[in-house]
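Here is a small set of exercises to work through with the model open in front of you. Try each task yourself before you read its solution.

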Amino acid sequence: MKIAVIGTGYVGLVTGTCFAESGNEVLCIDKDARKIGQLREGRVPIYEPGLEELVHRNSRDGRLKFTTDLPEGIGPAQLVFIAVGTPQAADGAADLSTVFAVAEAIGQHANGPKIVVIKSTVPVGTNRRVAEIIAGKTKHQIDVASNPEFLKEGAAIEDCTKPDRVVVGVRRPEVGEVLRELYAPYLRTERPFLVMSPESAEMTKYVANAMLATKISFINEMANLCERLGADVNDVRRGIGHDIRIGFQFLFPGSGYGGSCFPKDVRALVSMARQLGAGTAIMEAVDVVNEAQKQVLAEKIRRHFGDALPDKTLAIWGLAFKPRTDDIREAPALALIDFLLGQGCKVRVHDPEAMANVRAIYGERLVYCDRPYGALEGADGLAIVTEWQEFRNPDFEVMRRLLRERVIFDGRNLYEVKTPVGYGFVYHSIGRRTGVPG
């Protein structure tokens, strides 16, 4: 198929590249000339494992191209995907201005019948509004479908090419069949292709993310309670996870969730409900619990050092909101950095991929270290905020030699308590008793 993808952010670039990989002709469109220039040169502006290789291969073979010219891009396309950002507005609602601007442009430049597919995460009712905008600008038959994405940063290629399910919202069965044909190469293992109304498809995306965010906030709240009661949240997690009604996914306590989806989508769902005069007490609590959880490490550090904190230097391992990405949007590490700088501390940081993005915010207020152990040199303690694989089996002997004070604040429970304690560390984690040597 001939496909146009409007927006070369995380969702648009991954989606367009994967469609090209399955043999379609894809033209990715973005108004950012600098980004398009980078992509034409083979430079991928985001970090996602496996993406750069796929972009190079499909660009070389002519299946994947990039342009800033929207009329040129949508002209030959049978399918036009809208994958632009819907950032959070001041009131928590999704900002749809870019989506609507793209809809107007599609209506103005459509040169024949097309299927427009909304891939962006949008509130319920957006599909209908986009269809109205396009219909007001063109006489051509334009169908508007909804096809929410369920990509996990760090595993997006796998999620795109081997999805758990594909959800499409359509108003005509014929449109659903075209999308079924597009996704057929990815559904060969009998994964479901779910056809529903656009409103149900739009809602599905929000409900999925809200459910996952709820599980995270739930286990974090229980972890904090375990810590006060002398229970071990890892034991509790195992005790409940084997119940098939609960399961283990998203039941790992930590220092809060971040990223481009969960915080924004939970708040957008709350905003939608408020506009209808409906209550969302659970979702509001999920957001409150998560924002409080981002301060848990800061509070542990404050209690440990007391009045001496302003004179201390802290090392931080992990800046991205999760491993295998360079995304720092709503990252818990940023909340910790803000706290430490506000206390007058010096901060040394390391992350395998996200340091350039953090430097763009903090400039030279931080010390950026190319290696994990380099961040420890001259530091009075270590805070671990992102569970990168390379942090899981460190050399504790080297760590104890480099740190001025042997204390670890582990926001991801990477270690069994006895391991760092055995090397003489005071070990603070989430939902477990503090480990103290001797």
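## Exercise 1: A buried partner

Asp380 counts as buried, with a relative accessibility of 6%; buried means under 20% relative accessible area, exposed over 50%, and partly exposed in between (1.4 Å probe, protein chains only). Before we go on, note that this is a predicted model, where local features need pLDDT of at least 70 and side-chain atom pairs count only at pLDDT 80 or more, while totals for chains, interfaces and linings use all residues. Residues are numbered from 1 along each chain as its sequence is written, and side-chain values use heavy atoms, with hydrogens and water left out.

**Task.** Find which residue forms a salt bridge with Asp380, and say where the two partners lie.

**Solution.**
- Step 1: Recall the general idea. Side chains of opposite charge can pair when their charged atoms come close.
- Step 2: Apply the rule. A salt bridge is a side-chain nitrogen of Lys or Arg within 4 Å of a carboxyl oxygen of Asp or Glu.
- Step 3: Look for the partner. Arg404 pairs with Asp380, and their closest N and O atoms are 3.1 Å apart.
- Step 4: Place both residues. Arg404 sits in the loop between α17 (396-402) and β13 (407-410), and Asp380 in the loop between α16 (372-376) and β12 (381-384), so the pair ties together parts that are 24 residues apart in sequence. Helices (H or I, at least four residues) and strands (E, at least two) are DSSP runs, numbered from the N terminus.
- Step 5: Check the accessibility of the partner. Arg404 is exposed, at 55% relative accessible area.

## Exercise 2: More salt bridges

**Task.** The structure holds 33 salt bridges. Describe the one between Glu199 and Arg128, then the one between Glu291 and Lys294.

**Solution.**
- Step 1: In the pair Glu199 and Arg128, the closest N and O atoms are 3.3 Å apart.
- Step 2: Glu199 lies in helix α9 and Arg128 in helix α6 (residues 126-135), so this salt bridge links parts that are 71 residues apart in sequence.
- Step 3: Glu199 is partly exposed at 22%, and Arg128 is partly exposed at 42%.
- Step 4: For Glu291 and Lys294, the closest N and O atoms are 3.4 Å apart. Glu291 is partly exposed at 31%, whereas Lys294 is buried at 7%.
- Step 5: Follow the shared partners. Arg267, Asp287, Glu291, Lys294 and Glu330 are joined into one network by salt bridges that share partners.

## Exercise 3: Inside the cores

**Task.** Which residues have the most contacts inside the largest nonpolar core?

**Solution.**
- Step 1: Fix the term. A nonpolar core is a set of buried Ala, Val, Leu, Ile, Met, Phe, Trp, Tyr and Cys residues joined through side-chain atoms within 4.5 Å.
- Step 2: The largest core has 40 residues, and Leu79, Phe81, Leu179 and Tyr183 have the most contacts inside it. Helix α1 (residues 10-21) provides the largest share of this core, 7 residues.
- Step 3: A second, separate core has 38 residues, among them Leu70, Val80, Ala105 and Met272.
- Step 4: Zoom in on Phe81. Setting aside neighbours within four places in sequence, Phe81 is in contact (heavy atoms within 4.5 Å) with residues including Ile3, Val5, Phe19, Val117 and Tyr183.

## Exercise 4: A residue in strand β13

**Task.** Is Phe409 buried or exposed, and which residues is Phe409 in contact with?

**Solution.**
- Step 1: Locate Phe409 in strand β13.
- Step 2: With 0% relative accessibility, Phe409 counts as buried.
- Step 3: Leave aside the neighbours within four places in sequence. The contacts of Phe409 then include Leu297, Ile301, Phe305, Leu314, Leu382 and His428.
- Step 4: Compare with a distant position. The C-alpha atoms of Phe409 and Arg274 are separated by 38 Å, and the two residues are 135 apart along the chain.
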